[in-house]
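This report describes helix packing and one pocket in a predicted model. The structure is shown first, and the description follows.

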Amino acid sequence: MTTSEGEQGGGGAGAERVPSDGGATRPEERLEQAVRAAEQALIEFEIAVETFRVEVENFSRLHEQKLGPMYARLEELDAQILEARAARTGDPEDRRRADEARARLMPIPGVEDLLGGWMSDEGLFPEAAAMLTDQPVRPPQRVRPSEEARKLYRELARRAHPDLAQEDEERRRREEFLTRVNTAYARGDEVALRALAEEWAAGPELQRGPSPSEELYARLEWLARRKELLTLVAKDLEESAIGAMLRLAPDDPDRLLEEIAEQLRGQVTQREAELATLLA
């Protein structure tokens with residue numbers, strides 16, 4: 001590391017830096033800079049976590065739609081194999097295993113199981129309505145936000161983030177707006193994101209003034225707690241089964257699904273052959 005000209009001059013290592021305009025440095029200046037840096041770092045972290053959450057949610061729907069029937073078929077075959085084996089041997093232990101396997105295929109749903117993923121604020125989702133009317137169920141849409149959508153989302157999240165508000169009314173306005181941004185981003189809707197960007201640019205901007213030191217310290221503490229919470233959310237997403245699968249093939253998760261589907265098809269064939277042998 002080279003020594004700067006300022007350090008080579010008459011000023012010692014502990015000399016106080018004086019503003020170029022000759023004025024005194026405000027006591028809160030460095031603290032304000034720290035708060036602004038922490039705010040921007042937290043927003044970037046939130047954007048990354050939300051992006052990954054959207055990818056996990058969409059991949060989870062595709063995983064269930066593509067592989068769910070195969071898993072269900074394997075479970076049914078396993079139960080039938082155990083039942084056929086119990087009928088052949090007459091062993092009470094074999095019968096117990098068969099009964100347990102059959103019972104696992106007949107869960108009693110709770111309220112969340114009945115409504116989760118079926119209903120939005122505007123009513124039933126299209127998939128649920130199709131099932132109730134005996135219409136073909138529409139496969140879930142493959143949503144992977146494009147680079148342009150990601151760019152628009154990041155810019156809107158930076159500019160409109162509720163954490164940048166200092167007043168309750170402004171925070172509420174930002175929270176409501178960002179909810180709409182998140183919804184558009186989850187759909188990968190570039191048109192809606194551009195419209196929201198124009199709407200925000202035309203709306204009122206919050207004029208922020210200097211804050212007292214005690215408020216800045218409290219702000220830093222809040223930001224630190226928020227980061228800890230987001231870290232836990234990110235960890236849960238990464239350690240989930242779907243998150244782990246996405247990390248295996250981040251650039252081509254569809255190929256990973258096809259590979260798993262091929263393995264499951266092989267297992268189904270093996271189980272069918274085993275069942276046919278027991279029933280022969």
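Helix 7 and helix 8 cross in a left-handed sense, where left-handed denotes a near helix turned anticlockwise from the far one by less than a right angle, and right-handed a clockwise turn. Helices are DSSP runs of H or I with at least four residues, numbered from the N terminus. The model is predicted, so that local features need pLDDT of at least 70 and side-chain atom pairs count only at pLDDT 80 or more, while totals for chains, interfaces and linings use all residues. Residues are numbered from 1 along each chain as its sequence is written, and side-chain values use heavy atoms, with hydrogens and water left out.

The packing geometry of three helix pairs is tabulated below. Axes are lines fitted to C-alpha atoms over the stretch in contact, and angles run from 0 to 180 degrees between N-to-C directions.

| Helix pair | Angle | Axis distance |
|---|---|---|
| Helix 7 and helix 8 | roughly 160 degrees | within 9 Å |
| Helix 6 and helix 7 | about 170 degrees | 10 Å |
| Helix 2 and helix 6 | about 140 degrees | 10 Å |

Helix 7 is therefore roughly antiparallel to helix 8 (an angle over 145 degrees). In their contact (heavy atoms within 4.5 Å), the helix 7 residues include Phe177, Val181 and Tyr185, and those of helix 8 include Leu193, Leu196 and Trp200. By class, this contact has 8 nonpolar, no polar and 6 charged residues; Ala, Val, Leu, Ile, Met, Phe, Trp, Tyr, Cys and Pro count as nonpolar, Asp, Glu, Lys and Arg as charged, and the others, Gly among them, as polar.

Helix 6 is likewise roughly antiparallel to helix 7. Among the residues that meet are Tyr153 and Leu156 of helix 6 and Phe177 and Leu178 of helix 7. The contact comprises 9 nonpolar, 1 polar and 3 charged residues.

Helix 2 and helix 6 are oblique to each other (neither under 35, nor over 145, nor 65 to 115 degrees), and their crossing is right-handed. Ile43 and Ile47 of helix 2 and Tyr153 and Ala157 of helix 6 are among the contact residues, which divide into 4 nonpolar, 2 polar and 6 charged.

The second largest pocket holds about 330 Å³ of space. Its 19 lining residues include Glu46, His161, Leu178, Asn182 and Arg226, which lie nearest its centre. At least two lining residues come from each of helix 2, helix 6, helix 7 and helix 9. A pocket is an open set of points on a 1 Å grid over the protein atoms alone where a 1.4 Å probe fits, with protein on both sides within 12 Å along at least five of seven lines; lining residues have an atom within 4 Å of a point. Grid points are joined across faces, edges and corners, and the volume is the space filled by probe spheres set on the points.
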